[in-house]
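Colleague: I am new to this one. Can you take me through the labels and how each is earned?

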Amino acid sequence: MLLLVVPLLSRPAPAAARFLGQVRTLCLAGLLALPLVATAGPLTEPVSATQRGRLGIVLAAAKPSAGAWQDYPGEIVIPPAQQRVVAAPAAGLIEALSVSVGDTVRPGQVLVRIRSAQSQELQRDVLQSGSQLDLAQRQLARDEALFREGLIPQARLEAARAQARQAQALADERRSALRATTGGARVQADGLVSLTAPIQGQVLAQLAEVGQRVEAMTPLYRLAILRPLWVDLQVPAREAHGIRPGDAVQLVAPSGTAAPTAGRVVTVGPLVDPRSQSRTVRAKLSEPQADWQPGELVRVRLQRRNQENGVALPANALMPTAGDVQQVFVARSGERFELLDVMLLSRQGDEVTVTGVPAGSQVVMRGTAALKALLPR
């Protein structure tokens, strides 16, 4: 910096005062013109190449990540919307079961026949109310014809209309009671109830036996549509931050090779399991899925799309902190090192993918403890 030495005058002359004012203005303008240098983290004292060797400091380059694959444990599950339970609509005796576990069923196919005294009574009431309604409607039609001919009074016609309305209300009430009790199942006059399949799928479980007496709402079969399936991944909470819907997944065969079955992440669970400190990431699998069955424990290989903005580092370059953020030392000009906060995206063996470090930077993979001692206090 250029220093201007001005003689100190006890009483500056007007010309000298003007000169001093111009000097102060120029110095202030020069200071304002200097660039402001901001650092993202503290810098160490300068460390020469000789000192690096003595301290055991080893550097490695931060490589751009193209979305590295990371393996996690998972379980094949059936989407809830693809599952159904067939239950007994009323108390009764199971007379026949038409399918067993593993069978494929189609909509409307009869699965169970139950003999139910309750359903028989309700069916009888429906038939009786239907006959009464038919009789009341016929009587009303006759009275309307007689009234038009002037053979009966108005009061008799109104009574016939009221009786027909009451019969209609009773018939509707008993039909509703039968539907509510049997759930829309087919009921014969002798009380034989036929339960049919609501979907085209596969029988997962048979929950009752022929000859068994069951109460209303007792589960009899569990059905499901097995395509497509989901896979639930258990991902450590620190690594789940960078996962987004749309990230690709592959199932890993027991041999360790990626199987053809692939899919995409659909949801990332918002809760952390307090025991395992993991979050559930759900992915929808695409076809084919013949080799994978619901309930099977698998290894899942996941690739984050946002890792394209991350960099790959040696795992031992990270310095864990008390929170979720981790730290690394990055080489800077002037033989100094800067301590940066980074976000861990994934860990694969001895390599991690992080954000917060520019690609091509030289990071410290050994000697971090010695560098921490050189940070300003």
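The talk below sets values against cut-offs.

Modeller: Keep in mind that this is a predicted model. The protein chain has 5 helices and 23 strands. Of its 377 residues, 37% count as buried.

Colleague: Why is aspartate 71 called buried?

Modeller: Buried means under 20% relative accessible area. Aspartate 71 has 19%, so the label buried applies.

Colleague: What makes the contact between aspartate 71 and arginine 299 a salt bridge?

Modeller: The rule asks for a side-chain nitrogen of Lys or Arg within 4 Å of a carboxyl oxygen of Asp or Glu. Here the N to O distance is 2.8 Å, so the pair qualifies. The two residues are 228 apart in the chain, with aspartate 71 in strand 3 and arginine 299 in strand 17.

Colleague: How do you know that arginine 299 is partly exposed?

Modeller: Partly exposed lies between the buried limit of 20% and the exposed limit of 50%. Arginine 299 has a relative accessible area of 37%, so partly exposed is the right label.

Colleague: Which salt bridge has both partners in helix 4?

Modeller: Arginine 161 and glutamate 158 both lie in that helix, residues 154-182. They are 3 residues apart, about one turn of the helix. Their side chains meet at 3.4 Å, N to O, so the 4 Å limit is met. Arginine 161 is partly exposed at 30%. Glutamate 158 is partly exposed too, at 33%.

Colleague: Why do you say that arginine 282 and aspartate 232 tie together parts of the chain?

Modeller: Their side chains form a salt bridge of 2.7 Å, N to O. Arginine 282 lies in strand 16 and aspartate 232 in strand 13, so the pair ties together parts that are 50 residues apart in sequence. Aspartate 232 has 11% relative accessible area, under 20%, and is therefore buried. Arginine 282, at 26%, is partly exposed.

Colleague: Which residues are joined into one network by salt bridges that share partners?

Modeller: Asp71, Arg299 and Arg301. By the salt-bridge rule, the count comes to 10.

Colleague: What makes the pairing of glutamine 51 with serine 48 a polar contact?

Modeller: A polar contact needs N or O atoms within 3.5 Å, one able to donate a hydrogen and the other to accept it. The backbone nitrogen of serine 48 lies 2.9 Å from a polar side-chain atom of glutamine 51, so the distance fits. Glutamine 51 sits in helix 2, residues 49-55. At 36% relative accessible area, glutamine 51 is partly exposed.

How values were computed:
Residues numbered from 1 in each chain as written. Predicted model: local features only at pLDDT ≥ 70, side-chain atom pairs only at ≥ 80, totals over all residues. Heavy atoms only, no water. Helix = DSSP H or I, 4+ residues; strand = E, 2+ residues; numbered from the N terminus. Buried < 20%, exposed > 50% of the residue type's maximum accessible area, 1.4 Å probe, protein only.
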